[in-house]
Amino acid sequence: MSLDVKYPSMLELRQRARRRLPHFVWEYLDSGTGQDRVLARNRAALDAIEFMPSILVGEVEADTSVEFLGVRHDMPVGVAPVGMSGLIWPDAERILAREAARAGIPYTLSTVASQTPEDVQSALGPHGWFQLYTPRDPEVRRDMLRRAKAAGFGTLVFTADLPVASRRERQIKSGLTQPPRITPRILAQVAMRPAWALAMAQSGMPRMRLIDDYAPKRTLGLTSNDHAGYHLRTSPDWDYLRATRDEWEGPLIVKGVLNEADLSGLEAAGVDAIWVSNHGGRQFDGAPSAIAMLPRIRAATTLPLVFDSGVEGGLDILRAVALGADMVMLGRGWHYALGALGPVGPRHLAQVLRADLLSCMGQMGLTHVAQVRGRMIDHAPFAL
Ligand code: FNR
């Protein structure tokens with residue numbers, strides 16, 4: 001049976017990933033924080049956006065490509081940074097970079113990835129973005145930026161929405177430590193997931209390899225939310241952002257913006273684009289849904305906008321574009337695909353997203369993605 005029949009959407013990939021991943025890996029990937037209220041809020045707010053379908057438009061050829069920061073991408077979709085992707089599947093970062101290049105979309109490598117910029121270099125296409133968790137030591141920052149640039153990452157993503165670590169209670173309860181350690185409890189979870197266990201037996205437990213190059217070796221016994229990356233990083237402020245701006249020559253995107261009051265400062269700091277996100281509901285369970293904040297941010301700046309948090313398919317991508325996003329990212333989705341199907345998962349998901357986008361555009365008679373901006377139904381709560 002073809003993948004299209006068994007896994008026609010991200011949701012089937014998610015279900016299979018849940019069956020194939022050990023419980024602690026699943027909780028790491030899937031959980032939010034607190035009571036997961038923001039996860040629910042993200043979903044409900046996206047679902048509330050409605051569009052009027054078209055009739056009698058004749059044959060329409062839809063083009064999913066978009067321009068973002070002066071570069072053409074085949075879809076307004078990309079891969080958001082996810083730390084320790086290698087915990088989901090061995091070689092995850094390289095697989096995702098390669099499949100993003102094949103699909104003509106951006107791939108973002110996290111500072112706390114399980115592979116380094118150099119590891120990913122040969123798989124990276126023209127749209128490589130590097131995400132920075134802010135090292136306390138400016139020399140470490142400069143070295144990371146230098147390495148990312150030398151490895152072919154042209155765009156820098158500065159994540160600003162982690163002032164402190166989040167508690168992520170589901171993750172704590174699962175028994176996960178950083179770096180992942182084999183305790184009897186973890187071993188029992190692994191024993192129930194043979195496909196994952198076999199794959200990992202060949203590659204070994206993943207580590208944060210970039211961080212390892214700088215962190216003190218004293219990392220044993222840290223809890224799941226207290227990994228070496230947190231010892232290395234600081235909580236950035238405006239001066240930190242300006243210093244980073246001065247040191248990075250390419251486009252700079254600030255990730256984790258929800259408040260339009262921050263925009264004038266971000267513009268003054270010389271940021272090239274804004275990434276509207278609530279970190280996929282993983283940081284602060286009191287935060288608003290990211291999609292509900294998007295129209296206010298769109299109205300307050302002319303900078304290009306990236307959006308993520310809760311996107312499940314082509315319809316959600318169009319919803320975000322309708323409210324002002326220029327590029328829409330998925331974090332968990334690509335990793336559900338990896339967990340479900342291993343290396344072939346991300347390619348399948350890229351095809352699913354593209355097919356779904358084309359189908360939704362067809363229902364509305366759109367030839368270009370941006371045309372969706374006029375198509376929201378005005379009784380819906382997010383009408384502009
Ligand atoms: C993340 N995210 C994240 N963001 C970031 O800037 N650096 C990082 O290292 C990570 N790590 C990370 C790990 C895991 C397991 C998840 C699920 C998420 C947040 C990520 O980039 C993105 O904002 C969200 O995942 C978007 O929400 P969805 O698409 O997962 O709903």
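**Figure 1. Welcome to R167, an exposed arginine in this predicted model.** R167 counts as exposed, at 57% relative accessibility. Its salt-bridge partner is E169, with the closest N and O atoms 3.7 Å apart. E169 is partly exposed, its relative accessible area being 24%.

**Figure 2. R170 and D30 join in a salt bridge.** Here the closest N and O atoms come to 2.9 Å of each other. The pair links distant parts of the chain, as R170 belongs to helix α8 (residues 169-174) and D30 to helix α3 (residues 23-30), 140 residues apart. D30 is buried because its relative accessible area is 6%, and buried means under 20%.

**Figure 3. A wider look around D30 and R170 brings in a network of salt bridges.** Besides these two residues, R14, E27 and D36 take part in the network.

**Figure 4. E312 meets R43 in a salt bridge.** The N to O distance is 3.5 Å. This pair, too, links distant parts of the chain: E312 sits in the loop between β11 (305-307) and α16 (314-322), while R43 lies in helix α4 (residues 37-47), 269 residues away. With a relative accessible area of 29%, E312 is partly exposed.

**Figure 5. Stepping back, the close-ups find their place in a chain of 18 helices and 12 strands.** The structure holds 26 salt bridges, and the chain carries 43 positive and 41 negative side chains. The centres of these two sets lie 7 Å apart. Of the 384 residues, 58% count as buried. The radius of gyration is 20 Å, which agrees with the value near 21 Å for a compact globule with 384 residues.

Note on methods. Residues numbered from 1 in each chain as written. Predicted model: local features only at pLDDT ≥ 70, side-chain atom pairs only at ≥ 80, totals over all residues. Heavy atoms only, no water. Helix = DSSP H or I, 4+ residues; strand = E, 2+ residues; numbered from the N terminus. Rg over C-alpha atoms; globule rule 2.2 N^0.38 Å. Buried < 20%, exposed > 50% of the residue type's maximum accessible area, 1.4 Å probe, protein only. Lys, Arg positive; Asp, Glu negative; His and termini not counted. Charge placed at Lys NZ, Arg CZ, Asp CG, Glu CD. Salt bridge = Lys/Arg side-chain N within 4 Å of Asp/Glu carboxyl O.
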